[in-house]
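Here are some notes to read beside the model. Take them one point at a time, with the structure open.

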Amino acid sequence: MSKILSAGLVAGVSGTRMQRLAVLFVLLVSALTLTGGASAALRIGVADDLGRSPDQSVSFLDSLGELGMSENRISVNFDPAAPTTIPDQWQLDLYVPLATLRGVRPVFSVSPTRARAVAEDPNAAQLYAQYVALLARRYPTVDDFIIGNEPNQPRFWQPQFGSSGRNVSAGSYYKLLAASYDALKSVDPAIRVIGLGLSPRGGDRPGAPNNVSTSPVRFINALGKAYRASGRKRPIMDEL
């Protein structure tokens, strides 16, 4: 199975942008040298929304091509108040086919617009699943979907803990991930469903004055318990 290696870049549009890309490329080439035979399976790319802007798309894709990069993770928002509306759809309509023609594979990272979106609406998980299926049908050349972003951080997912101090974010995220897996596979079984996208940091302190977050290891443990308790037999993701 191929491995995805991507990195987020500072979103500057100045002349230093190419320098940052060049430095990243050198570091990744060094990493590939150290991995030996596994290097052939790696895809190198960036996490950057700059290419979505029509006036930047061509130069952005040219930069990726010059550096031998073939993947771009872009963010797509989900608003439960408008569950069938794709924000800036016209940009995606232009960028996705252009990137595909230029040999750059778009990866959609789909996140709710509000941290409490899923917790506040019992139908949010199903609405989100229908939304990613809508994206998959509209953009059939997009084969990779990242479900949510850093659900162990309060900036993106709330609440993290219940009144008893027990983690609850993993359980609600599980519902979103499982529903999305089923919805995307019903559109195309070849779609890769990528889960978690966790922050590497988390405090595990329900009563903390700020950044009430969950460490990735404990989040994964809680997600596993939610999966086991559900009785589900199907997978919930293809990649982590």
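1. Start with the status of the model. It is predicted. Keep that in mind for every value below.

2. Next, the overall layout. The protein chain has seven helices and six strands. Read from the N terminus, the order of elements is β-α-β-α-β-α-β-α-α-β-α-β-α.

3. Now the inside and the outside. The protein chain has 240 residues, and 42% of them count as buried. About 11900 Å² of the chain is exposed. Carbon and sulfur atoms supply 56% of that area.

4. Look at how the chain meets itself. Take the contacts between residues at least 6 apart in sequence. Of these, 72% join residues at least 24 apart.

5. Aromatic rings deserve a closer look. A pair of rings is described by the distance of the centres and the angle of the planes. How many aromatic pairs does the structure hold? There are seven. In one of them, the ring centres of Phe108 and Tyr139 are 5.7 Å apart. Their planes stand at 80°, over the 60 degrees that edge-to-face requires, so this pair is edge-to-face.

6. Where do these two residues sit in the chain? Phe108 belongs to strand β4, residues 105–112. Tyr139 is in the loop between α5 (124–138) and β5 (144–147). The two are 31 residues apart, so the pair links distant parts of the chain. Is Tyr139 buried or exposed? Its relative accessible area is 4%, which is under the 20% limit, so Tyr139 is buried. Phe108 has 0% relative accessibility and therefore also counts as buried.

7. Phe108 has a second partner to check. The ring centres of Phe108 and Phe145 are 5.7 Å apart, and the planes are at 90°, so this pair is edge-to-face. Phe108 lies in strand β4 and Phe145 in strand β5, so the pair ties together parts 37 residues apart in sequence. Both residues are buried.

8. Another aromatic group is worth finding. Phe78, Tyr128 and Tyr131 form one cluster.

9. Finish with helix α2, residues 57–66. Its buried residues are Ser57, Phe60, Leu61, Ser63 and Leu64. Why do they line one face of the helix? Seen down the axis of α2, they fall within an arc of 155°, so they share one face. The general rule helps here. An α-helix has 3.6 residues a turn, so residues three or four places apart point the same way. The face of α2 turned away from the buried side carries exposed Gly65 and Glu66. After α2 comes Gly68, with a positive phi near 75°.

Technical notes: Residues numbered from 1 in each chain as written. Predicted model: local features only at pLDDT ≥ 70, side-chain atom pairs only at ≥ 80, totals over all residues. Heavy atoms only, no water. Phe/Tyr/Trp six-rings, centres within 6.5 Å; stacked < 30°, edge-to-face > 60°. Helix = DSSP H or I, 4+ residues; strand = E, 2+ residues; numbered from the N terminus. Buried < 20%, exposed > 50% of the residue type's maximum accessible area, 1.4 Å probe, protein only. Arc of directions from axis to C-beta. Contact = heavy atoms within 4.5 Å. Areas by Shrake-Rupley, 256 points an atom, 1.4 Å probe, with all protein chains shown as cover.
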